Amino acid sequence: MPSEELRFEHHPFQRIGPDVHLIQDVQFALGQPLCVPINSAVLTGQEPVIIDTGSPRNRRQWLDDVFSIVEPEDVRWVFVSHEDADHTGNLETVMARCPNATLLCSWALVERFSCVYDFPLHRCRWVADGDTVDIGDRQLAVLRPPIFDSPSTLSVFDTRSRMMWATDTFATAIPGTPGSALMQDVSELDQQAWRDGMTMFGIHGLAPWVSMADPRRFAATVTTLQRLDPSVVLTGHSPSIHANRVDEACEILGSLAEAPVPPCPDQSVLDLILAAMGD
């Protein structure tokens, strides 16, 4: 487990709506003035929900941010989308500190991640695409997102705030260097840079299989998400996508199955990075 002293640069959490909060970290790209957001979320309300549990490298700050929004004893649900370290990094700590919380996740996540985490099965609720979970003053609709890098991946849609947690879907690198302000909304991003970022991340960072997918069938999965008419789309790796940019985001995403595959950094790029670092 990485040391808690190895911390990402901290950026304050963002209040998206009265009961929706985006917890923000950032990872800087190698050799480029780019970064990737590392996000999770908190839903307050009658039965508060933590959505994904951040990176272990930023544990102290992540816990401080989350528990400044909601008291650990008040958390009723912890939704974990899939087993990647930047989504499960503080899961064990969260479940220990939130004694009244039930863990929402897929059966596949438990099977794949049991070699890392000893799941308290009596505190789990297994969900799948198409399920709904009543959380008091709203429901969480569970769905499989169009883009994913793990078969365990699920997303959720909050029927009250109409917030879509799209997990890794719409992931993109954005301009950023240490000490710079973190981009909060995709409206701040150049349109072509947004398209290029989603294409590069979608094909090389998440789902190389998308280039082999039937374009019409893949586009149909994007349309299913779009028809939910979210007020805002939050993801693990993108600035916020508000309602006025959702259609554009879906158009870019839906075109990935037919997009030219961008070149992937290779050993020559690594050599340049190492040379610049003096190694």
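A trainee and a mentor talk through the model shown above.

Trainee: Before we start, what kind of model is this, and how are residues numbered?

Mentor: It's a predicted model, where local features need pLDDT of at least 70, side-chain atom pairs count only at pLDDT 80 or more, and totals for chains, interfaces and linings use all residues. Residues are numbered from 1 along each chain as its sequence is written, and side-chain values use heavy atoms, with hydrogens and water left out.

Trainee: Why is Leu-121 called exposed?

Mentor: Exposed means over 50% relative accessible area, buried means under 20%, and partly exposed is in between (1.4 Å probe, protein chains only). Leu-121 has 52%, so it's exposed. You'll find Leu-121 in the loop between α4 (107-113) and β7 (124-126); helices here are DSSP runs of H or I with at least four residues, strands are runs of E with at least two, and both are numbered from the N terminus.

Trainee: What makes the nonpolar surface patch there?

Mentor: Trp-107, Leu-121 and Trp-126 make the patch, about 370 Å² of it. Patch residues need over 30% relative accessible area and no salt bridge; nonpolar side chains (Val, Leu, Ile, Met, Phe, Trp, Tyr) are joined within 5 Å, like charges within 9 Å. The areas come from the Shrake-Rupley method with a 1.4 Å probe, and for residues only the protein chains shown count as cover.

Trainee: What makes Arg-138 and Asp-19 a salt bridge?

Mentor: The term asks for a side-chain nitrogen of Lys or Arg within 4 Å of a carboxyl oxygen of Asp or Glu. In this pair the closest N and O atoms are 2.6 Å apart, so the definition is met. Arg-138 sits in the loop between β8 (132-134) and β9, while Asp-19 is in the loop between β1 (14-17) and β2, so the bridge ties together parts that are 119 residues apart in sequence. Both Arg-138 and Asp-19 are buried.

Trainee: Why would such side chains pair at all?

Mentor: Opposite charges can pair when the charged atoms come close. The structure holds seven salt bridges.

Trainee: How do you know that Glu-83 and Arg-112 differ in burial?

Mentor: Glu-83 has 12% relative accessibility, so it counts as buried, whereas Arg-112, at 42%, counts as partly exposed. Their salt bridge has its closest N and O atoms 2.5 Å apart. The pair links distant parts of the chain, with Glu-83 in the loop between β5 (77-79) and α2 (85-88) and Arg-112 in helix α4, 29 residues apart.

Trainee: What makes Glu-251 and Arg-195 a link between helices?

Mentor: Glu-251 is in helix α7 and Arg-195 in helix α5, so their pairing ties together parts that are 56 residues apart in sequence. The N to O distance in this salt bridge is 2.6 Å. Glu-251 is partly exposed at 41%, and Arg-195 counts as partly exposed at 28%. Elsewhere, salt bridges that share partners join Asp-19, Asp-137, Arg-138, Asp-158 and Arg-160 into one network.

Trainee: What makes a set of residues a nonpolar core?

Mentor: They have to be buried Ala, Val, Leu, Ile, Met, Phe, Trp, Tyr or Cys residues joined through side-chain atoms within 4.5 Å. The largest one has 35 residues, and Ile-147, Phe-170, Trp-194, Val-210, Phe-218, Ile-241 and Leu-253 have the most contacts inside it. Elements that each supply at least two residues include α5 (191-206), α6 (215-226) and α7 (243-254). A second, separate core of 25 residues includes Val-70, Val-75, Val-78 and Cys-98.

Trainee: How do you know that α7 spans about what a helix should?

Mentor: The expected span is 1.5 Å times one less than the number of residues. With twelve residues, α7 reaches 17 Å from its first C-alpha to its last, close to the expected 16 Å. Cover for its buried residues includes α5, α6, β13 (232-234) and β14 (241-242).

Trainee: Why is α1 called mostly covered?

Mentor: Eight of its eleven residues are buried. Among them are Trp-62, Leu-63 and Phe-67.

Trainee: Why is Gln-14 called buried?

Mentor: Its relative accessible area is 16%, under the 20% limit, so Gln-14 is buried. Contact means heavy atoms within 4.5 Å, and beyond its neighbours within four places in sequence, Gln-14 is in contact with residues including His-21, Gln-184 and Ser-240.
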